[in-house]
Protein chains: 2
Amino acid sequence: MAAARSITLKAVSTSLWSPNRSLPKAKTVRALSTIMSPPSKAVVYEHHGPPDSVTRMIELSPVEVKENQVCVKMLAAPINPSDINRIEGVYPVRPPVPAVGGYEGVGEVYSVGSAVKGLSPGDLVIPSPLSSGTWQTYVVKDHDTWHKISKDSPIEYAATITVNPLTALRMLEDFTTLTAGESIVQNGATSIVGQCVIQLARYRGIHSINIIRDRAGSDTVKEKLKALGADEVFTESQLEVKNVKSLLSNIPGPALGLNCVGGNSASLVLKFLRQGGTMVTYGGMSKKPITVPTSSFIFKDLSLKGFWLQKWLTADRTKECREMIDYLLRLAQEGKLKYEMELVPFGEFHTALDKALGKHGSQPKQVIKF
Amino acid sequence: MAAARSITLKAVSTSLWSPNRSLPKAKTVRALSTIMSPPSKAVVYEHHGPPDSVTRMIELSPVEVKENQVCVKMLAAPINPSDINRIEGVYPVRPPVPAVGGYEGVGEVYSVGSAVKGLSPGDLVIPSPLSSGTWQTYVVKDHDTWHKISKDSPIEYAATITVNPLTALRMLEDFTTLTAGESIVQNGATSIVGQCVIQLARYRGIHSINIIRDRAGSDTVKEKLKALGADEVFTESQLEVKNVKSLLSNIPGPALGLNCVGGNSASLVLKFLRQGGTMVTYGGMSKKPITVPTSSFIFKDLSLKGFWLQKWLTADRTKECREMIDYLLRLAQEGKLKYEMELVPFGEFHTALDKALGKHGSQPKQVIKF
């Protein structure tokens, strides 16, 4: 499939790419010391639309690696829902088209510009904060895009550590002060963020109450989540009771709720919350809105807020972000943070994309291996 | 009507009232210096239920005014929606039945216990924080219940200054930092809180965007609210446009929204809010819940909170509360804070109650005059 979709740059307008992807004009040709990237194979889209029809794999010609730039040979990059939304054009922040897909990933430094310090060929790096265009074999970006991580980092976790685990970590930190023995409640607990929340909470001695969809095999899902450290796991139908809190044994009512589903599932999160609690919405998988009775605000004093990693990251938190990335990668390396992924060769990108689009039912996170 | 409903205390069990309302036992009879209140006429309810059928006016026998207590001759007290909810039994905090109705009001000190300092007969006082049982001619409470206010205070405003105007003031203060030139948006703008919000905002140079129901005479309502200082007044149907903000001329998007209606009217408040704005819910007149799209939380970064004066007051804010009451009463005295009220003689309490219950359509705030 990859071969059929690949085309060389000659078939594509050179204006398709960022300035340093266009062919060097005569007058800008540098001395012999000019460093060029290797040609790059990339998944690109020229228009917004259904990702399986607007993306194609093409070859991009070498570009100059300027003095402050670093060329990275990508090793792995995931397909995240937000990548899909960017291609669809429904995400509020997205690169101008035409664009290379992908927003996070991990790679190895291939070559560095003459003025770059602190990064050398062979270093393991991730774009941090996130940066567009990770679905290609060689990425050239300014040196400050790249965060050098430990060479021991497990590649598939390094490729996926920002978008989901960092969201989980920030949501546990930014809205309430949680101390050991307290609890949180979340829906969409089987998502990667959900799995990270369970593990990060447990690691801090915080109980988690988890809500999952009713579906075949929910008992197996419950066992899996409990093995990760979940204290309680309920299907939505189990929570069709007058007082959901009566189902909790020895767990205090949660001060923090996390919602990535909306609709009834969000209402269940609200029901668990204790007086004065906060529900943070970071996704809307059911595509249904959140409905709240007036009394929840006035008498139960609940607060509802949202979390968007993109916004958090753009607030010039690069240093803080990188420290947390290192922390999360250490946990992953020690086996304290894990989630299911499926590694897929780059050549089979469109098979992975179909899985990420949900065409084959529930699937593990798809991670492209270059 | 009052006469028909009035009964003397002899017909009522003496256990109906608080300890100092029961007949003094022989051994507690004091020396000649014992101060007794006059007999009191009161609106009471022995059971929760529909206010027009469970309340009746009765006479209560004199009670002792203990050394730390003050007997106040009530002058005026309003019928607030929360009073009605307390009688109905649907309010989370309510006095145990049997109880005298009412929660705010104003009176004149009639007599003081031997140890009371700082209050003398003739002083104008209000219960502050709020205190139950204001629907009676003489109220005996501990001296620290009573806040002495300026003798120039307009009686009907003194009677109603806490529940509604203080709610308006706190909501403008507690959730966002508003500076002159900024704006707020609210629904239920014709309510007393709504009218206070308009005036308090205007007094601080803050623009108000106001949403009212569609009904006959809405043009007159608009003019009234604009005369109070409203910058913009829209009926809900006027806001059935794609971009409500396009209707604003020279007013920045509001950072604060106030909702006392719920349903579609709350959604309209949300639509006006700017990125990162907060909507505070303090009522639910439509009895419909609040529905919020996921994207409002994630991408628009809206926060939803609640305000309940009762909770604010119980947090030991007596001093702060009284300072604000004085501030609000000064504004009322200077004509900078006004709202419509209908003064009704106590004997016609049940006529006023029917109006407060909405039996005769929209009516001004009913204030009992003793």
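Two residues are in contact when they have heavy atoms within 4.5 Å of each other. With that in mind, welcome to this predicted model. In chain A, residues 24 or more positions apart account for 74% of the contacts that have a separation of 6 or more.

## Chain A as a whole

Let us begin with the overall picture. Chain A has 12 helices and 19 strands. How does its radius of gyration fit with that of a compact globule? A compact globule of 370 residues would have a value near 21 Å, and chain A has 22 Å, so the two agree. Along the principal axes, the C-alpha atoms of chain A fill a box of roughly 75 × 40 × 35 Å.

What share of chain A is buried? Of its 370 residues, 55% count as buried. The area that chain A exposes is about 15700 Å², and carbon and sulfur atoms supply 51% of that area. Chain A also carries 43 positive and 34 negative charges, and the mean positions of these two groups are 3 Å apart.

## Aromatic rings

A pair of aromatic rings is described by the distance of the centres and the angle of the planes. Over all chains, the structure holds 18 aromatic pairs. One of them joins Tyr91(A) and Phe299(B): the ring centres are 5.5 Å apart and the planes stand at 80°, so this pair is edge-to-face. The pair crosses between chains. On one side, Tyr91(A) belongs to the loop between helix H3 (81-88) and strand S6 (99-100) of chain A. On the other, Phe299(B) belongs to the loop between helix H9 (294-298) and strand S17 (303-306) of chain B.

Are the two partners buried or exposed? Tyr91(A) has 9% relative accessibility and therefore counts as buried. Phe299(B), at 24% relative accessibility, counts as partly exposed.

Chain B offers another example, made by Tyr91(B) and Trp308(B). This aromatic pair is edge-to-face too, with 5.8 Å from centre to centre and 75° between the planes. It links distant parts of the chain, since its residues are 217 apart. Tyr91(B) is in the loop between helix H3 (81-88) and strand S6 (99-100) of chain B, while Trp308(B) is in the loop between S17 and helix H10 (309-314) of chain B. Both Tyr91(B) and Trp308(B) are buried.

Which residues form one aromatic cluster with Tyr91(A)? They are Trp308(A) and Phe299(B).

## Buried places in chain B

Helix H5 of chain B covers residues 162-174 and is mostly covered, with 11 of its 13 residues buried. Among the buried residues of H5(B) are Thr162(B), Val163(B), Leu166(B), Arg170(B) and Met171(B).

Ala76(B) is part of strand S5 (residues 69-78) of chain B. Why does Ala76(B) count as buried? Its relative accessibility is 0%, and buried means under 20%. Setting aside residues up to four places away in sequence, Ala76(B) touches Gly105(B), Val106(B), Ile155(B), Ala159(B), Val367(B), Ile368(B), Lys369(B) and Phe370(B). Tyr157(B) is 81 residues from Ala76(B) in sequence, and 9.4 Å separates their C-alpha atoms in space.

## Details of the backbone

Some loops of this model have backbone details worth a look. In chain A, a cis peptide bond joins Ser128(A) and Pro129(A), with omega about -5°. Pro129(A) is found in the loop between strand S8 (124-127) and strand S9 (138-142) of chain A. In chain B, a cis peptide bond joins Ser128(B) and Pro129(B), and omega is again about -5°. The loop that holds Pro129(B) runs between strand S8 (124-127) and strand S9 (138-142) of chain B.

The table below turns to phi and accessibility.

| Residue | Phi | Loop | Relative accessibility |
|---|---|---|---|
| Asn250(A) | near 60° | between strand S13 (232-235) and strand S14 (256-259) of chain A | 79%, exposed |
| Lys287(B) | near 60° | between strand S15 (278-281) and strand S16 (290-292) of chain B | 78%, exposed |

For Asn250(A), the phi value is positive in a residue other than glycine. Lys287(B) likewise has a positive phi without being a glycine.

Definitions and conventions: Residues are numbered from 1 along each chain as its sequence is written. Chains are lettered from A and ligands numbered from 1 in the order in which they are written. This is a predicted model: local features need pLDDT of at least 70, side-chain atom pairs count only at pLDDT 80 or more; totals for chains, interfaces and linings use all residues. Side-chain values use heavy atoms; hydrogens and water are left out. Helices (H or I, at least four residues) and strands (E, at least two) are DSSP runs, numbered from the N terminus. The radius of gyration is taken over C-alpha atoms; the globule rule is 2.2 Å times the number of residues to the power 0.38. Buried means under 20% relative accessible area, exposed over 50%, partly exposed in between (1.4 Å probe, protein chains only). Accessible areas come from the Shrake-Rupley method with a 1.4 Å probe; for residues, only the protein chains shown count as cover. Lys and Arg count as positive and Asp and Glu as negative; His and the chain ends are not counted. The place of a charge is taken as NZ of Lys, CZ of Arg, CG of Asp or CD of Glu. Rings of Phe, Tyr and Trp (its six-membered ring) pair if their centres lie within 6.5 Å; planes under 30 degrees apart count as stacked, over 60 as edge-to-face and the rest as tilted.
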